[in-house]
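Morning, everyone. I have one structure to go through today, and I will keep to a few places in it.

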Amino acid sequence: MRIPFIAGNWKMYKTMAEAREFAAKFKTLYHGTDVKTAVFAPFPQLALLTKQFEGTGIGVGAQNVHFEKEGAFTGEVSVPMLKEIGVEYCLVGHSERRQYFGETDETVNLKIKALLAGDILPVVCVGENLQEREEGAEEKIVSGQIKAAFKDICHEDAVKITVAYEPVWAIGTGKTATPEQANQMCFCIRMTLKELYDEETADKIVIQYGGSVKPENASEIMNMEEIDGALVGGASLDPLKFIEIVNF
Ligand code: PGA
């Protein structure tokens with residue numbers, strides 16, 4: 001049985017004061033559900049949020065990490081630094097990191113391994129861009145990203161990873177993949193995982209859809225067979241909208 005997982009990706013939004021205000025409001029709205037919930041915030045806000053959400057069941061995640069434990073890597077943050085402040089999850093390979101910050105399939109794999117070794121749960125993002133979809137290459141691209149991300153990761157560790165399928169053309173554009181398109185791609189991801197591992201392992205891995213998820217379309221997306229959760233950008237900034245999605 002896969003537990004649904006709805007995560008908010010704040011990207012580079014919210015000051016400390018705004019994060020505090022969100023947490024105070026969201027805590028009053030969240031009454032615990034069967035759905036796992038987490039907020040992926042900018043680095044400076046993480047310690048505040050882990051404190052604010054302590055004991056509530058609301059998880060906290062980072063949006064990026066370096067794969068080395070420490071070193072001369074100016075501007076980077078390591079797994080032990082995140083662990084120390086109670087961070088439970090970390091995004092890896094978000095399309096904005098792949099597009100603007102040189103994230104590659106290779107660094108995605110190294111980061112996933114470092115997170116697993118440091119006991120933080122990775123949420124790995126995959127997805128095709130518009131040109132790739134127009135060329136009909138989406139399944140090839142996404143299964144390639146999955147194979148690279150899970151390279152040399154054992155069965156026991158693989159089930160700790162969440163996959164977020166986010167078609168690049170649907171992120172922040174207001175364009176959502178149709179529930180059928182999203183479901184088909186999540187199915188393709190599960191088949192790739194089955195090929196890499198086995199049916200039992202593939203069946204345990206949680207696969208989210210991301211890209212313009214909002215209160216109005218959340219339940220339709222969440223009701224699709226292969227979709228186990230959502231990675232929500234814009235709509236997760238507003239506690240009222242985010243709670244509606246969590247309570248889909
Ligand atoms: P969006 O972002 O919901 O604003 O489209 C999703 C994401 O990038 O994770």
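I will start with the ligand, then turn to some single residues. Please keep in mind that this is a predicted model.

So, the ligand. How many residues surround the ligand? There are 13, and the closest are Lys 11, His 94, Glu 166, Gly 172 and Ser 212. If we sort the shell by class, we get four nonpolar residues, seven polar ones and two charged ones.

Now the contacts themselves. Glu 166 uses its side chain: an N or O atom there is 2.7 Å from an oxygen atom of the ligand. With Gly 172 it is the backbone that takes part, and one of its N or O atoms lies 2.7 Å from a ligand oxygen. Ser 212 also brings a backbone N or O atom to 2.7 Å from an oxygen atom of the ligand. As for how covered the ligand is, on its own it exposes 280 Å², and the protein buries 95% of that. The space that the ligand takes up is the second largest pocket.

Let me stay with Ser 212, since we have just met this residue at the ligand. Where is Ser 212 in the chain? It sits in the loop between strand S7, residues 207–210, and helix H11, residues 215–222. Its phi is near 60°, which is a positive value in a residue other than glycine. Is Ser 212 buried or exposed? Its relative accessibility is 15%, and the cut-off for buried is under 20%, so Ser 212 counts as buried.

Next to that I would put Asp 152. Asp 152 is not a glycine either, and it has a positive phi of about 60°. This residue is also in a loop, the one between helix H7 (138–149) and helix H8 (155–158). Here the relative accessible area is 60%, and exposed means over 50%, so Asp 152 is exposed. To put the pair side by side: Ser 212 is buried, and Asp 152 is exposed.

The last stop is Thr 50, which is in a helix, namely H2, residues 43–52. Thr 50 has a relative accessibility of 16%, so it counts as buried. What does the side chain of Thr 50 reach? It reaches the backbone oxygen of Ile 85, at 2.7 Å.

To go back to the start, if you open the model yourselves, look for the 13 residues around the ligand, and then find Ser 212 among the closest of them. That is all I have.

Note on methods. Residues numbered from 1 in each chain as written. Predicted model: local features only at pLDDT ≥ 70, side-chain atom pairs only at ≥ 80, totals over all residues. Heavy atoms only, no water. Near = heavy atom within 4 Å. Polar contact = N/O pair within 3.5 Å; in protein donor to acceptor, adjacent residues only side chain to side chain. Areas by Shrake-Rupley, 256 points an atom, 1.4 Å probe, with all protein chains shown as cover. 1 Å grid on protein atoms, 1.4 Å probe; cavity = no way out; pocket = protein on both sides within 12 Å on 5 of 7 lines; lining within 4 Å. Sits in = over half its atoms within 2 Å of the grid points. Nonpolar A, V, L, I, M, F, W, Y, C, P; charged D, E, K, R; others polar. Helix = DSSP H or I, 4+ residues; strand = E, 2+ residues; numbered from the N terminus. Buried < 20%, exposed > 50% of the residue type's maximum accessible area, 1.4 Å probe, protein only.
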